[in-house]
Every structure is written in C-alpha cells, then in structure tokens.
Amino acid sequence: MPSFQLTVNGRVRTVDAEADTPLLWILRDTLGLTGTKFGCGQGVCGSCTIHLDGKAVKSCQTSLKEAAGHTVVTVEGLSKDGTHPVQQAWLAEDVAQCGYCQPGMIMTAAALLKHKAHPTDGDIDEAFADHVCRCGTYSRVRKAVLRAAGGVK
C-alpha cells in the first residue's frame, strides 16, 4: 500500500492507504478526526467541508493523493479552545439545532472570511450555495458570518 504525507491541523502525518481513498475517510477512520461529517458522499451537502491550503473543499470528493503534500485543517484544528471568531459567532447566534452540518458550515464561513473579511449577502449566499441544513438554520448562519466579520454585535 502506498504512503502519503500531509499536514493535518499543523501536524505532519504519513498515511498508508490507496491513492483514491476519499480524504474524509482518512480524516475520520485513520486519523480519528470525527468532527468532519459524512453527509451525502457526493459533494452536494457540505457536511464534510475542510480547508485544503486555506480553501474550503469537500473531503468526500478529495482523494488522499490530491491532499498529499498539502495542508489540511479540520474543524478540530480551527482553534484549540473554540475561540475562533466563527466558532464564537456560531455560539452567540445559537446557529446549531441538530448540529450535523455545522462543522462543514463553520469551515466554509472561516474560509470565506479569510478571503473576504467583509462579505456581502451575495458572497454568503454563494459560499453556502452547496450546503444543506435540514434544520433550516440559514438565517442564523448568515447572522453568525456577519457577526464574525464584525458586522453584528
């Protein structure tokens, strides 16, 4: 079995697995990082969103080979103690209901704000267009993103 090296949450990891293994399964099953959720397995729900070199990507649609040599950040690596502005905004706006989709949404929000400090409603709509929240917390997601950006106090 081939070996691949990637940096996950600041730590260099070597993984022995098939090249086409979805990164989602490497994170969850091999590395024990279960904050990244399996939703649809087809890249349409957003529950498995992580950062690959700072960009929000669907880990169910990213192979181990594609991630090798790159930097991966999961929801566990966003902050050590839950103090990332997006995590704080999520709590302040009481976004989560069931919470299943929330790690992916938090990662999408963090990537959006890293690249666009003051997003418009259109920017937020575009960033979250491929996320599905069965609980329908979309209005609270928007408020949390704006809060994290400094737009809501």
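What volume does the second largest pocket have? About 180 Å³ in this predicted model; the residues around this pocket are given in the legend of Figure 1.

**Figure 1. Lining of the second largest pocket.** The close-up shows the pocket with a volume of about 180 Å³. Cysteines in the lining are C40, C45, C98, C101, C133 and C135. G39, S47, Y100, V132 and R134 also line this pocket. By class, the lining divides into 8 nonpolar, 2 polar and 1 charged residues.

**Figure 2. Lining of the largest pocket.** The largest pocket has a volume of about 210 Å³. Strand β4 (55-58), helix α5 and helix α6 (121-127) each contribute at least two lining residues. Helix α5 gives the most, with 4 residues. Among the residues of the lining are K55, A56 and K58, together with T108, A111, L112 and H115. K116, D123, E126 and A127 line the pocket as well. The lining comprises 4 nonpolar, 2 polar and 5 charged residues.

**Figure 3. Crossing of helices α5 and α7.** Two packed helices are described by the angle between their axes and the distance between the axes. Here the axes of α5 (residues 102-115) and α7 (residues 138-148) come within 10 Å and cross at roughly 35°. The crossing of α5 past α7 is right-handed. On the α5 side, the contact is made by M105, A109, L112 and L113. On the α7 side, Y138, V141, V145 and A148 take part. By class, the contact residues are 8 nonpolar, no polar and no charged. L112 of α5 belongs to this contact and also to the lining of the largest pocket.

**Figure 4. Buried residues of helix α1 and their packing partners.** In α1 (residues 23-30), the residues L23, L24, I26 and L27 are buried. The strands they pack against are β1 (3-8), β2 (11-16), β3 (49-52) and β5 (71-73). Helix α2 (64-67) is another of the elements against which the buried residues pack. Just after α1, G32 takes a positive phi of about 75°.

**Figure 5. Surroundings of S63 in the loop between β4 and α2.** S63 has a relative accessible area of 14% and is therefore buried, the cut-off being under 20%. Beyond its neighbours within four places in sequence, S63 is in contact with A19, D20, T21, P22 and L23. L23 is one of the buried residues of α1.

**Figure 6. N9 in the loop between β1 and β2.** Most residues other than glycine have a negative phi. N9 is not a glycine, yet has a positive phi of about 50°. With a relative accessible area of 26%, N9 is partly exposed.

**Figure 7. E93 and D94 in the loop between α4 and α5.** D94 lies in the loop that joins α4 (85-92) to α5. Although not a glycine, D94 has a positive phi of about 50°. E93 is found in the loop between α4 and α5. Its relative accessible area is 13%, so E93 is buried. E93 and A110 are 17 residues apart in sequence. From C-alpha to C-alpha, E93 and A110 are 16 Å apart in space.

Conventions:
Residues numbered from 1 in each chain as written. Predicted model: local features only at pLDDT ≥ 70, side-chain atom pairs only at ≥ 80, totals over all residues. Heavy atoms only, no water. Axes fitted to C-alpha atoms, helices over the stretch in contact; angles between N-to-C directions. Left-handed = near helix turned anticlockwise from the far one by under 90°. Contact = heavy atoms within 4.5 Å. Nonpolar A, V, L, I, M, F, W, Y, C, P; charged D, E, K, R; others polar. 1 Å grid on protein atoms, 1.4 Å probe; cavity = no way out; pocket = protein on both sides within 12 Å on 5 of 7 lines; lining within 4 Å. Points joined across faces, edges and corners; volume = space filled by probe spheres on them. Buried < 20%, exposed > 50% of the residue type's maximum accessible area, 1.4 Å probe, protein only.
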